[in-house]
Amino acid sequence: MSLRGEKRTEFPQSVRKKAFARCCQECNVEGVENVPGVPQCEGCGVQLSPRTGIIYEHDQADGLGGEPTLGNCKVHCQNCADVKTHTEDNPRMRKADRVMKKTYGLQPTRRAKIASRGFAKAPEQRKASAPVNKWRGF
Ligand SMILES: [Zn+2]
């Protein structure tokens with residue numbers, strides 16, 4: 001269960017169409033040539049195809065309040081989407097969960113440590129160096 005809200009908001013078709021048109025027209029990735037009419041990843045500039053995967057991604061993560069609007073929609077290849085999800089979004093959402101749990105006192109309860117009785121104490125042993133008249137119990 002997430003404290004940040006249960007419902008995931010996907011981009012509506014109209015937003016995805018506009019984002020796709022945007023990534024076909026212009027490529028703003030540095031060092032990558034813009035090929036008009038060809039869809040290019042907005043993260044790395046690679047030409048998008050069903051083989052590379054075409055992912056419509058929330059720039060500001062959905063779980064962190066990102067809206068499903070055109071301004072928050074990025075068209076990424078599978079690789080860029082995976083990198084962003086695993087290196088940016090997921091760690092930030094885990095931290096948001098931790099902070100929220102701590103703020104509202106919702107951490108799991110700590111179990112009391114179970115203390116054992118320990119081992120029975122062994123009877124005292126006779127020492128060879130002790131004088132015979134000081135022996136106890138022998
Ligand atoms: Zn990419």
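## Salt bridges

Let's start with a pair of charged side chains: those of E10 and R8 meet in a salt bridge, with N and O 2.7 Å apart. Keep in mind as you look around that this is a predicted model. E10 is partly exposed, because its relative accessible area is 49%, a value in between the 20% limit for buried and the 50% limit for exposed. How many salt bridges does the structure hold? There are 4 of them.

Another of these pairs is R22 with E42, where the closest N and O atoms are 2.9 Å apart. R22 sits in helix α1, while E42 belongs to the loop between α1 and β1, so this salt bridge ties together parts that are 20 residues apart in sequence. With 21% relative accessibility, E42 counts as partly exposed.

Now find K84 and D89, whose side chains also meet in a salt bridge, at 3.0 Å from N to O. Are these two residues buried or exposed? K84 is buried, because its relative accessible area is 6%, and D89 is buried too, with 7%. As for the pair you met at the start, R8 and E10 are joined with D62 into one network by salt bridges that share partners.

## The zinc site

Next, turn to the zinc ion. Which residues are its protein donors? They are C41, C44, C77 and C80, each giving its SG atom, and they lie 2.2 to 2.3 Å from the ion. Along the chain, these donors follow the spacing C-x2-C-x32-C-x2-C. Two of them show how the site links distant parts of the chain: C41 is in the loop between α1 (13-25) and β1 (55-58), whereas C80 is in helix α2, 39 residues apart from C41.

Why is the arrangement called tetrahedral? The 4 donor atoms subtend angles of 106 to 114° around the zinc ion, and therefore the arrangement is tetrahedral. For comparison, the ideal angle at a metal with four tetrahedral donors is 109.5 degrees.

You can also ask how much of these cysteines is accessible. C41 is buried, with a relative accessible area of 1%. C80 has 16% relative accessibility and counts as buried as well, because the cut-off for buried is under 20%.

## The nonpolar core

Some of the zinc donors appear again in this part of the tour. The largest nonpolar core has 10 residues, among them C41, C77 and C80. Its other members are F11, V15, A19, C23, L48, C73 and V75. This fits a wider pattern: in soluble globular proteins, nonpolar side chains tend to be buried together.

Which elements give two or more residues to this core? They are α1 and β2 (73-76). The largest share, 3 residues, comes from α1.

## A patch on the surface

Nonpolar residues can be found on the outside of this model too. L3, Y104 and L106 form a nonpolar patch on the surface, and together they have about 310 Å² of accessible area. Y104 is in the segment after α2 (78-103), and L3 is in the segment before α1.

Is Y104 buried or exposed? Y104 counts as exposed, because its relative accessibility is 59%. L3, with a relative accessible area of 32%, is partly exposed.

## Distant in sequence

A last stop takes in some pairs that you can trace on the chain. L3 and R98 are 95 residues apart in sequence, and their C-alpha atoms are 10.0 Å apart in space. T69 and A19 are 50 residues apart in sequence, with 9.6 Å from C-alpha to C-alpha. A19 is one of the core residues, while T69 lies in the loop between β1 and β2. T69 has 39% relative accessibility and counts as partly exposed.

The pair N90 and A61 is 29 residues apart in sequence and 9.0 Å apart in space, again from C-alpha to C-alpha. N90 is found in helix α2, and with a relative accessible area of 24% N90 is partly exposed.

Note on methods: Residues numbered from 1 in each chain as written. Predicted model: local features only at pLDDT ≥ 70, side-chain atom pairs only at ≥ 80, totals over all residues. Heavy atoms only, no water. Patch = residues over 30% accessible without salt bridge, like charges linked within 9 Å, V, L, I, M, F, W, Y side chains within 5 Å. Areas by Shrake-Rupley, 256 points an atom, 1.4 Å probe, with all protein chains shown as cover. Helix = DSSP H or I, 4+ residues; strand = E, 2+ residues; numbered from the N terminus. Buried < 20%, exposed > 50% of the residue type's maximum accessible area, 1.4 Å probe, protein only. Donors = N, O, S within 2.8 Å, 3.2 Å for Na, K, Ca; no water. Tetrahedral: all angles 85-135°; square planar, octahedral: opposite > 155°, others 65-115°. Core = buried A, V, L, I, M, F, W, Y, C linked by side-chain atoms within 4.5 Å.
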